[in-house]
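This report describes the contacts and surroundings of selected residues, the ligand site and the nonpolar cores. The structure is shown below.

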Amino acid sequence: MTARTEIVDQLADIPNVSVFQGILLSDRTRFGIGGPAELYVEASSEPAFSAALQVAQSSGANFSVIGSGTNLIVSDEGFDGIVLRFTAREISSAEALVRAEAGAELQALVDYSIDHGLRGLETMTGIPGSVGAAIYGNAGAYGHSIDQRVERVRFLDRSAIRSFSAAECQFRYRESVFKKRKDWIVLSVDLRMTPAPAAELRQTADEILKLRLAKYPAAMKCAGSIFKNLILAELPEHVRRQIPENVIREGKAPSAYFLEQAGAKGMRSGGVRVADYHANLIYNQGGGTARDLCALIDELKERVRARFGLELEEEVQYVGFCAT
Ligand SMILES: Cc1cc2nc3c(=O)[nH]c(=O)nc-3n(C[C@H](O)[C@H](O)[C@H](O)COP(=O)(O)OP(=O)(O)OC[C@H]3O[C@@H](n4cnc5c(N)ncnc54)[C@H](O)[C@@H]3O)c2cc1C
């Protein structure tokens, strides 16, 4: 690896790049958990991010790209390398085609669309995080996910800017090609929306926001759902037979159902606990660590495995653990 001071100098020389040494990632995650990043770099334009990424890639250091930190478990030891964040956040439109830079908050995009009388994202109101990560994890809620509106995604592949159609992005439930190719970094997205009365869209969004805030209070240190739900058609017949029909939503069996049967609600590990009212929601009640979180996640997976023979898969993403 190139000497650290040399990397810092190279990064600091790039216009529109800010470099921080040793900042705590717990201040950059909604869980409020995570040790220091050796280097933390924010870039506010595409050329700046591209140049910073090239420095990171050619330095031989580990690097990881994060967004707003709302879906991350960062190791207590932090990240031994370079953490990069793309913060360009412009949103614009031409008729019903909306373009958003990846560093924009998804909520800003939802609000922009509603204010411009464009239907398509209003049910995603209240999902925290950035547009780039929403593409990476195909974010969605209340029967809609972002892929349904994607026309093209522009991304960085080393120093080249490329673009994919929605089909090429290989979107599935909470999946995209960008989860498989973590070195491809989303820069912007074009979304095809449908004109609709703004007041009607705002009413839908307000109703959904009320429900969401009851489930996820604004100050709750959490990552939303810890585990992905399970696609019903992919479950073994003996498991399917055990699931009551009224818990099935949009062809999926909620992980919360299996977790609840396994006694997850209210479970604790150090400073983190499973919500009493939702078995797929873990939060940091104060003083929680990544070690506590991982121990609780392992215990929950083990219980569901033992009881149902099912392997739950985390929706949350890890930073600073082996291979991340
Ligand atoms: C209270 C709460 C409720 C939630 N509810 C929902 C919900 O209803 N539906 C839902 O889908 N999610 C939900 N989530 C999860 C979270 O909001 C999403 O996963 C969100 O997209 C994460 O955005 P972020 O910017 O915080 O990403 P981060 O948590 O910072 O990163 C997540 C992943 O995205 C990758 N990434 C970030 N930026 C880029 C980029 N530009 N290019 C490529 N990869 C990138 C990172 O490498 C990382 O692996 C919820 C979270 C919370 C805290």
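## Phe86 and its surroundings

Phe86 makes contact with Ala43, Ser45, Glu46, Phe49, Ala102, Gly103, Val186 and Leu187, when neighbours within four places in sequence are left aside. The model is a predicted one. Phe86 belongs to strand E5, which comprises residues 79-86. With a relative accessible area of 6%, Phe86 is buried, because the limit for a buried residue is under 20%. A further spatial relation links Phe86 to Ser68: 18 residues separate the two in sequence, and their C-alpha atoms are 9.8 Å apart.

## Ser50 in helix H2

Helix H2 spans residues 46-59 and includes Ser50. Ser50 has a relative accessible area of 12% and is buried. Beyond its neighbours within four places in sequence, Ser50 is in contact with Leu156 and Ser159.

Between these two partners in the numbering stands Arg158, in the loop that joins strand E11 (150-157) to strand E12 (160-165). The phi angle of Arg158 is near 55°, a positive value in a residue other than glycine. Arg158 is partly exposed, at a relative accessible area of 48%.

## The ligand site

The ligand is surrounded by 32 residues, of which Val65, Gly67, Thr70, Pro128 and Ser130 come nearest. By class, the shell consists of 17 nonpolar, 11 polar and 4 charged residues. Helix H4 (131-136), strand E9 (140-141), strand E13 (184-192) and strand E15 (222-225) each contribute at least two residues to the shell. The greatest contribution is that of H4, with 4 residues.

Several polar distances describe how the ligand is held in the model. A polar backbone atom of Val65 lies 2.6 Å from an oxygen atom of the ligand. In the side chain of Thr70, an N or O atom is 2.7 Å from a ligand oxygen atom. For Tyr136, the distance from a polar side-chain atom to an oxygen atom of the ligand is 3.1 Å. On its own the ligand has 980 Å² of accessible area, and the protein covers 93% of that area.

## The loop after H4

Asn138 is located in the loop between H4 and E9. Its phi angle is near 45°, which is positive although the residue is not glycine. Asn138 is buried, with a relative accessible area of 2%, whereas Arg158, the other non-glycine residue described here with a positive phi, is partly exposed.

## Helix H3 and its packing

Helix H3 covers residues 106-115 and contains Ala108. Ala108 is partly exposed, with a relative accessible area of 37%. The buried residues of H3 are Leu106, Leu109, Val110, Tyr112, Ser113 and Ile114. In an α-helix there are 3.6 residues a turn, so residues three or four places apart point the same way.

The buried residues of H3 pack against strand E6 (91-94), strand E7 (97-101), strand E8 (118-119), H4, E13 and helix H6 (198-215). Just after H3, Gly117 adopts a positive phi of about 65°.

## Thr125, between E8 and H4

Where does Thr125 lie in the chain? Thr125 is in the loop between E8 and H4. This residue counts as buried, at 2% relative accessibility. Not counting residues up to four places away in sequence, Thr125 touches Gln107, Val110, Ala205, Ile208, Leu209 and Arg212. One of these partners, Val110, is among the buried residues of H3. The C-alpha atoms of Thr125 and Ala108 are separated by 9.3 Å, with the two residues 17 apart along the chain.

## The nonpolar cores

Which residues have the most contacts inside the largest nonpolar core? They are Leu109, Ile135 and Phe178, in a core of 60 residues. Leaving aside neighbours within four places in sequence, Leu109 is in contact with Ile91, Val98, Ala100, Leu121, Val131 and Leu191. Apart from the largest core lies another, of 32 residues, which includes Val239, Ala253, Ile282 and Leu310.

Terms used
Residues numbered from 1 in each chain as written. Predicted model: local features only at pLDDT ≥ 70, side-chain atom pairs only at ≥ 80, totals over all residues. Heavy atoms only, no water. Buried < 20%, exposed > 50% of the residue type's maximum accessible area, 1.4 Å probe, protein only. Contact = heavy atoms within 4.5 Å. Near = heavy atom within 4 Å. Polar contact = N/O pair within 3.5 Å; in protein donor to acceptor, adjacent residues only side chain to side chain. Areas by Shrake-Rupley, 256 points an atom, 1.4 Å probe, with all protein chains shown as cover. Nonpolar A, V, L, I, M, F, W, Y, C, P; charged D, E, K, R; others polar. Core = buried A, V, L, I, M, F, W, Y, C linked by side-chain atoms within 4.5 Å.
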